[in-house]
Amino acid sequence: MIRSHQIRLNPTPEQETYFYKAAGTARYAYNWAVEKWRVIEGKKPSTLQLKKQFNAIKPEWAYEVTKCAAEGGFMAFGDAVSRFFKGQNGEPQFKSRNRGHFSFYLANDKFRVSGHWIRVPKLGWVNMAEKLRFHGKILKAQIRKHGTHWFASISLEMPDKVVKKKNTACGIDVGISHLATLSDNTIYDNVRPLKNHLHRLANLQRVLARKAKGSRNRERIKRKIRQLHQKIRNIRDDVLHKMTTHIACHYDVVVMEDLNVKGMTKNHRLAQALQDASLGRVSDLIASKVQDRHGIYCEVGRFFPSSKLCSCPECDGKRDDLTLSERTYECPQCGLMLDRDHNAARNILQEGLRILRETEIALSGSGYDGHKTPPQTGYNPNISPCGGGVHFCIP
């Protein structure tokens, strides 16, 4: 199991200057690779070939910082190219200093951690706000700037923990009015950090527009804007991590709906609220934390009508005329009256358990135990036996 611990750094002015130089070197190496990769026609050079060319003509100022900075730039470029050929991203783009790209990579054999200190090559010991929380083999570190502060994200390889099973399951319906509603009617409110600070952010943006470019007053306002964005991000991260950790610790089986968040944000009336809630990140965090605790995470198809179906097991009622403004579900057949989100969460749980039961039957019939390579018998772990798309993870 790989864990990362992000720790705030307290650098001196001289150390912060070194951080800016290292981040600039990483950005320069990345942009140099992008430029060379674009101008070459036909067969594109590999990342290793570009790295060798760069090392042969490396500028003198690049030697003032650790060589890991340039290596990290080429690693980021290689990842961008790989994602481009897989269709996950567009063509690699240049990184701009004005967009806040301040980060650089450190290999595991180039730095040391001792208590509240981290030793950076060609710089020395830098103070950390807290000790490293995890214990294990250190793999790498990434030093980056968020807002007005520098952070060190240290990755470690740790042994898997033995988690006691609780034999509990829940379905989760995410939304805007409530961030998440569970099938047992547990509700997590949406704090809406961006909406609550939008007035202050708009005022600062108007003040910034009236400042002369290059002036000290303009830089002062930009610093305040960065601090406000960091505050909004910290509030959102705190809520998401606390919620997802609580769910992963209390439920062995978690079922969610596969939402098309990118498509939903095309609605200009809901786009800001959806991005403020960060619904896509909710599913990613829950999936990773449930799997780390050896639980089962399942996603039902995005076209499953969870809000329109009656969650009563003995009823097959469905309301096709249900509008978004109706927050209470009333079944026309059995007369069930339930909160709309609670009803949807119960339907998601029932559908997820049905898929898992049918999948278990398919697995037992094919001889697949969930660990070894699936047999070539037509079974596809990404497709449910009922024909709908589903993603599930069984430890």
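Among the contacts in this predicted model between residues at least 6 apart in sequence, 66% join residues at least 24 apart. With the whole chain selected, the protein shows nine helices and 15 strands, and its C-alpha trace spans about 75 × 55 × 50 Å along the principal axes. Colouring by accessibility is a useful next view, in which buried residues make up 40% of the 395 residues.

**Aromatic rings**

Select the rings of Phe, Tyr and Trp next, since the structure holds 15 aromatic pairs. For the pair of Tyr28 and Phe54, the ring centres are 6.1 Å apart and the planes stand at 50°, so the pair is tilted. This pair links distant parts of the chain, with Tyr28 in helix α1 (residues 13-39) and Phe54 in helix α2 (residues 47-56), 26 residues apart. The partners can also be compared by accessibility: Tyr28 counts as partly exposed at 36% relative accessibility, whereas Phe54 is buried, with a relative accessible area of 2%.

Then select Tyr18, Phe19, Tyr20, Phe102, Phe104 and Trp150, which form one aromatic cluster. Keep Phe102 on screen and add Lys145, whose charged end sits over the ring of Phe102, 5.8 Å from the ring centre. A further arrangement of this kind is found by selecting Lys58 and Tyr63, where the charged end of Lys58 sits over the ring of Tyr63, 5.1 Å from the centre of that ring.

**The largest pocket**

Move now to the largest pocket, which has a volume of about 1,000 Å³. To centre the view there, select Ser4, Gln6, His241, Arg281 and Leu285, which are the closest to the pocket centre of the 30 residues that line it. Which elements should be shown as ribbons around the largest pocket, each supplying at least two residues of its lining? They are β1 (2-8), β6 (137-146), β7 (149-157), α5 (216-250) and α8 (279-292). Of the contributors, α5 gives the most to this lining, with eight residues. If the lining of the largest pocket is coloured by residue class, six nonpolar, 10 polar and 14 charged residues appear.

While helix α8 is displayed, pick out Gly280, which is found in that helix. Gly280 is partly exposed, with a relative accessible area of 27%. A distance drawn from the C-alpha atom of Gly280 to that of Ile143 comes to 25 Å, for two residues that are 137 residues apart along the chain.

**The cavity**

For the enclosed space, the count comes to one cavity of 30 Å³ or more, and about 50 Å³ of space lies in the largest cavity. Select Leu179, Asn190, Val191, Pro193, Arg236, Val239, Leu240, Asp276 and Ala277 to display the residues that line the largest cavity. This lining divides into six nonpolar residues, one polar and two charged. Helices α5 and α7 (271-277) each supply at least two residues of the cavity lining, and the largest share, three residues, comes from α5. Helix α5 can therefore stay selected when moving between the two sites, as α5 is among the elements that supply at least two residues to the lining of the largest pocket and also does so for the largest cavity.**Two loop residues with positive phi**

Most residues other than glycine have a negative phi, and most peptide bonds are trans. Against that background, select Arg192, where phi is near 50°, a positive value in a residue other than glycine. Arg192 is found in the loop between β10 (187-189) and α4 (193-209), and is partly exposed, with a relative accessible area of 24%. What is the phi of Ser278? For Ser278 the value is near 55°, again positive in a residue other than glycine. Ser278 has its place in the loop between α7 and α8, and at 15% relative accessibility Ser278 counts as buried.

**A last stop in helix α9**

Finish with Glu351, which lies in helix α9 (residues 340-366). Is Glu351 buried or exposed? With a relative accessible area of 15%, Glu351 is buried, because the area falls under the 20% that sets the limit for buried residues. To see the surroundings of this side chain, add Val300 and Phe304, which Glu351 touches when residues up to four places away in sequence are not counted.

Terms used
Residues are numbered from 1 along each chain as its sequence is written. This is a predicted model: local features need pLDDT of at least 70, side-chain atom pairs count only at pLDDT 80 or more; totals for chains, interfaces and linings use all residues. Side-chain values use heavy atoms; hydrogens and water are left out. Rings of Phe, Tyr and Trp (its six-membered ring) pair if their centres lie within 6.5 Å; planes under 30 degrees apart count as stacked, over 60 as edge-to-face and the rest as tilted. Helices (H or I, at least four residues) and strands (E, at least two) are DSSP runs, numbered from the N terminus. Buried means under 20% relative accessible area, exposed over 50%, partly exposed in between (1.4 Å probe, protein chains only). A charge sits over a ring if NZ of Lys or CZ of Arg is within 6 Å of the ring centre and within 35 degrees of the ring normal. On a 1 Å grid over the protein atoms alone, a cavity is a set of points where a 1.4 Å probe fits but cannot get out, and a pocket is an open set with protein on both sides within 12 Å along at least five of seven lines; lining residues have an atom within 4 Å of a point. Grid points are joined across faces, edges and corners, and a volume is the space filled by probe spheres set on the points. Ala, Val, Leu, Ile, Met, Phe, Trp, Tyr, Cys and Pro count as nonpolar, Asp, Glu, Lys and Arg as charged, and the others, Gly among them, as polar. Contact means heavy atoms within 4.5 Å.
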